[in-house]
Amino acid sequence: MPREPDPHEDADFRALVDALAREGLPRRTEAARAVEAVVCALAQRLSDPHFAPLLELFPEPFRTRLEPCERHAAVPLALQSAEELYGIVAEDLERDPDEVEPTVRAVLAAVRAQLSEPQAEEIARRLPLDLLPLWRRPS
């Protein structure tokens, strides 16, 4: 069900897309699609009620958009691994699953950039282990 537009949330989403452009996806439409695809897959990967406290830690507008997309809402999947997450992102972006890891990393880096280091570390402590390398900054 479509939500009413919220000018503040829309501005926050634009800021997220702008941050994503700085992470390596310069075209706004590509960045927006990437955010939506990662949101869809992450919502399915973290759908277990055990992760509810984790979801509350994500910044707006990412947190309020953490829902499966229309394509996957009818039959949401219980994703169990990063590879399955890549499969959903790839499907939404119409790309090969082997090509989307940099996109997932870029989206999560843009989200992380909106947080303080203590907030980002709190999310890291609660993430499933298979997603932790995607969340951490490259060393």
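Let's start with helix α6, residues 101-113: at 1.5 Å a residue (times one less than the number of residues), its 13 residues should span 18 Å, and the end C-alpha atoms do sit 18 Å apart, so expectation and model agree. And a model is what this is: the structure is predicted, with local features needing pLDDT of at least 70 and side-chain atom pairs counting only at pLDDT 80 or more, while totals for chains, interfaces and linings use all residues. Residues are numbered from 1 along each chain as its sequence is written, and side-chain values use heavy atoms, leaving out hydrogens and water.

Which residues of α6 are buried? Buried here means under 20% relative accessible area, exposed means over 50%, and partly exposed lies in between (1.4 Å probe, protein chains only). The list runs Thr 103, Val 104, Ala 106, Val 107, Leu 108, Ala 110, Val 111 and Arg 112. An α-helix has 3.6 residues a turn, so residues three or four places apart point the same way.

Step back into the loop between α5 (82-93) and α6, and you meet Glu 94. Glu 94 isn't a glycine, yet its phi is positive, about 55°. Most residues other than glycine have a negative phi. Glu 94 counts as exposed because its relative accessibility is 65%.

Now zoom out. The protein has eight helices and zero strands, where helices (H or I, at least four residues) and strands (E, at least two) are DSSP runs, numbered from the N terminus. Of its 139 residues, 42% count as buried. Among contacts (heavy atoms within 4.5 Å) with a separation of 6 or more, 63% join residues 24 or more positions apart.
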